[in-house]
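Subject: The two-chain model, handed over

Hi,

Here is the structure I said I would send over. Have it open while you read, and I'll walk you through what turned up.

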Amino acid sequence: MSAATNNVGIVIVSHSPLIARGAADMVRQMVGDSVPLAWCGGNPAGGLGTDMAAILQAIEDAWSDAGVAIFVDLGGAETNSEMAVEAIGAPRSALIAICNAPIVEGAVMAAAEASGGASLARVVATAEELSPS
Amino acid sequence: MNATAQIAQSPVSVSIGALIERCRSEIATHADRLNGLDCAIGDGDHGTNMLRGFDALLAERELLNALPIDETLVEAGRILVMTIGGASGPLYGTLLIELGRALGSGVVNNEFSSAFQQAVDAVAKRGKSKGGDKTLLDVLYPVADLLDEQHDIEGLPGMAFAFAESTVPLQAMRGRASFLGERSIGHMDPGAASCALLIAAVCRALNEGCRA
């Protein structure tokens with residue numbers, strides 16, 4: 001098991017694969033491979049949109065026993081991520097959080113927090129401080 | 001015959017495969033119009049997304065036809081979630097999955113309307129939305145009420161289209177259309193439009209099936 005699996009994982013879900021990949025690049029630049037990271041973007045036909053199967057795969061790819069924080073852009077990314085978390089089911093679903101935070105800033109700040117070994121709750125709280133309450 | 005009783009006996013009068021074909025054909029016929037409605041207040045892909053979902057259902061119609069009705073609904077819902085690729089996937093998927101679960105958990109035939117109501121509530125929860133927000137709920141909730149009142153199935157398609165029409169003067173409170181604020185007023189909600197088309201297609205198929 002690599003050291004990375006001890007830290008909270010980050011998943012980025014955008015309607016656009018370019019945005020998801022770009023945000024992931026920014027996370028990597030910040031934290032290297034110290035946090036598990038995966039991204040997905042685009043609908044099942046390759047257009048702009050979201051794809052629940054791809055979200056499920058991204059969660060698996062970024063899985064950590066410490067939990068996974070998901071960052072989404074717009075409506076469908078959030079609802080499809082919720083469906084994916086439900087499809088994964090208990091007990092693992094309790095270790096997955098969909099963050100109410102801006103996708104790029106949220107993912108980068110969450111990853112920085114996660115790279116220091118913070119808990120899922122701490123990682124999520126850090127990202128969500130970016131959102132007006 | 002009232003709609004609830006007719007829907008309850010539908011498996012013997014209309015095949016699931018035929019129902020899927022009717023719904024898919026209705027979406028295909030109106031895909032451009034749904035894209036146009038979505039273009040006005042959203043991202044313009046609602047018709048394309050729905051058609052992708054119903055193409056996937058059509059491809060699986062033999063499997064869906066072979067299952068008990070509750071399992072058919074759950075599986076069809078899962079297929080829509082996996083293929084539509086927009087917020088409509090989880091919304092329509094939740095409707096079918098929860099309807100299937102409600103029917104499978106022992107709701108008897110004459111309680112179809114309560115199963116439908118449960119499923120619509122689940123859609124509202126999934127979308128964190130309610131009636132009046134200019135969404136497909138503005139068709140689903142009043143249709144659920146009509147089912148509850150044992151409304152005639154012949155009249156349901158016209159009523160469903162009227163409910164979709166009633167979203168025109170509303171300001172969108174959920175989804176991308178809500179980003180437009182007051183500018184969302186004056187347009188029909190694309191989700192309400194596709195919902196009315198599908199309800200009408202199902203009702204007409206059931207009605208013809210029962211007459212056959």
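Let's start at one spot in chain A: A:P91 sits in the loop that links helix 3 to strand 4 (96-99) of that chain. The peptide bond leading into this proline, from A:A90 to A:P91, is cis, with omega near 0°. Keep in mind throughout that this is a predicted model.

**Chain A as a whole**

Now zoom out. Chain A is built from five helices and four strands. If you trace them from the N terminus, the order reads β-α-β-α-β-α-β-α-α. The radius of gyration is 13 Å for chain A, close to the 14 Å that the globule rule gives for 133 residues, so the chain is as compact as a globular protein of that length. Along the principal axes, its C-alpha atoms fill a box of roughly 35 × 30 × 30 Å.

How much of chain A is buried? Buried residues account for 52% of its 133 residues. And if you take the contacts in chain A with a separation of 6 or more, 73% of them join residues 24 or more positions apart.

One residue to click on is A:E113, in helix 4 (residues 103-115) of chain A. Is A:E113 buried or exposed? It has 22 C-beta neighbours inside 10 Å, and the cut-off for buried is 20 or more, so A:E113 counts as buried. Leaving out residues up to four places away in sequence, A:E113 touches A:A118, A:R122, A:V123 and A:T126. For a sense of distance, try A:A87: it is 26 residues from A:E113 along the chain, and their C-alpha atoms are separated by 27 Å.

**Chain B as a whole**

Chain B has eleven helices and zero strands. Its order from the N terminus is therefore easy to remember: α-α-α-α-α-α-α-α-α-α-α. For chain B the radius of gyration is 16 Å, close to the 17 Å from the globule rule for 212 residues, so this chain too is as compact as a globular protein of that length. The C-alpha trace of chain B spans about 45 × 35 × 30 Å along its principal axes.

Buried residues make up 54% of the 212 residues in chain B. Of the contacts in chain B with a separation of 6 or more, 66% are between residues 24 or more positions apart.

Two lysines in chain B are worth a look. B:K128 lies in the loop between helix 8 (112-126) and helix 9 (137-148), and B:K134 lies in the loop between helix 8 and helix 9 as well. Phi of B:K128 is near 45°, a positive value in a residue other than glycine. B:K134 also has a positive phi, about 70°, although it is not a glycine. What about their surroundings? B:K128 has 12 C-beta neighbours inside 10 Å and so counts as exposed, whereas B:K134 is buried, with 28 other C-beta atoms within 10 Å.

**Where the chains meet**

The contact between the chains takes 16 residues from chain A and 15 residues from chain B. On the chain B side, the elements that give two or more residues are helix 4 (46-59), helix 6 (69-84) and helix 7. By class, that side has four nonpolar, seven polar and four charged residues.

Now look at one pair of helices there. The axes of helix 3 (residues 75-88) of chain A and helix 7 (residues 88-104) of chain B come within 8 Å and cross at roughly 45°. That angle makes the two helices oblique to each other. Which residues meet in this pair? From helix 3 of chain A they are A:T79, A:N80, A:E82 and A:M83, and from helix 7 of chain B they are B:G89, B:P90 and B:G93. These residues divide into two nonpolar, four polar and one charged.

**The nonpolar core**

Last, the inside. The largest nonpolar core has 110 residues, and those with the most contacts inside it are A:I10, A:I12, A:A69, A:I70, B:V139, B:A196 and B:I199. Helix 11 (residues 190-211) of chain B supplies the largest share of this core, with 13 residues. For a single member, pick A:I70: beyond its neighbours up to four places away in sequence, it touches A:V11, A:V13, A:S81, A:I96, A:A97, A:I98 and A:C99.

Happy exploring!

Notes
Residues numbered from 1 in each chain as written. Chains lettered and ligands numbered in written order. Predicted model: local features only at pLDDT ≥ 70, side-chain atom pairs only at ≥ 80, totals over all residues. Core = buried A, V, L, I, M, F, W, Y, C linked by C-beta atoms within 7 Å. Contact = placed C-beta atoms within 7 Å. Rg over C-alpha atoms; globule rule 2.2 N^0.38 Å. Axes fitted to C-alpha atoms, helices over the stretch in contact; angles between N-to-C directions. Parallel < 35°, antiparallel > 145°, perpendicular 65-115°, else oblique. Nonpolar A, V, L, I, M, F, W, Y, C, P; charged D, E, K, R; others polar.
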